[in-house]
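Me: I have a structure to go through and some short questions about it. Can you put it up?

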Amino acid sequence: MEKWKNIEGYEGLYQVSSEGRVKSLNYNRTGKEKILKSTKEKKGYLKVSLSKDGKQKILKVHRLVASAFLPNPNNLPQVNHRNENKTDNRVDNLEWCDNKYNI
């Protein structure tokens, strides 16, 4: 079952799901929720654009999912896709790792 959590720093504005989707909680200030379309960056990762206080920021979906759903007690810097599919951002497919493991 898909679970939703607030995106840190964007509480009340955006949420990310355990299935790798991102939604706006107040799309275009209409009061309506909307799933955002993600786009693929050069390296193949999915990204979304979030806005807050008139400033726009581009964030990678897999990092949003990992940050919201996966504990990182060792403060590992990277997120690995277990099945090596960079567009599969389900929480079950992600894990925190270091650079050596990720290569």
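Me: Which residues line the second largest pocket?
Reply: This is a predicted model. In it, the lining of the second largest pocket consists of Asn6, Ile7, Glu8, Tyr10, Lys57, Leu59, Lys60, Arg63, Leu64, Ser67 and Ala68.

Me: What volume does the second largest pocket have?
Reply: About 210 Å³.

Me: Which element gives the largest share of that lining?
Reply: Helix α1, with 4 residues. Both β7 and α1 supply at least two residues each.

Me: And how many of the lining residues there are nonpolar, polar or charged?
Reply: The split is 5 nonpolar, 2 polar and 4 charged.

Me: Back to α1. Where does that helix lie?
Reply: Helix α1 covers residues 61–69 and lies across β1, β2 and β3. Its angle to β2 is about 85 degrees.

Me: What is the strand order in the open sheet of 4 strands?
Reply: The order is β1-β2-β3-β4, and the pairing is antiparallel. At the edges are β1 (4–6) and β4 (34–35), each of which pairs on one side only.

Me: How many bridges join β2 to β3?
Reply: There are 3 bridges between β2 (residues 14–17) and β3 (residues 22–24). Tyr14 stands opposite Ser24 in β3.

Me: Now the largest pocket. Which lining residues are closest to its centre?
Reply: Tyr14 again, along with Asn26, Asn28, Arg29 and Ser51, out of 15 lining residues. The space in this pocket is about 390 Å³.

Me: Which element supplies the largest share there?
Reply: Strand β6, with 3 residues. The lining as a whole divides into 4 nonpolar, 7 polar and 4 charged residues.

Key: Residues are numbered from 1 along each chain as its sequence is written. This is a predicted model: local features need pLDDT of at least 70, side-chain atom pairs count only at pLDDT 80 or more; totals for chains, interfaces and linings use all residues. Side-chain values use heavy atoms; hydrogens and water are left out. Two strands pair if DSSP finds at least two bridges between them. Contact means heavy atoms within 4.5 Å. Axes are lines fitted to C-alpha atoms, for helices over the stretch in contact, and angles run from 0 to 180 degrees between N-to-C directions. On a 1 Å grid over the protein atoms alone, a cavity is a set of points where a 1.4 Å probe fits but cannot get out, and a pocket is an open set with protein on both sides within 12 Å along at least five of seven lines; lining residues have an atom within 4 Å of a point. Grid points are joined across faces, edges and corners, and a volume is the space filled by probe spheres set on the points. Ala, Val, Leu, Ile, Met, Phe, Trp, Tyr, Cys and Pro count as nonpolar, Asp, Glu, Lys and Arg as charged, and the others, Gly among them, as polar.
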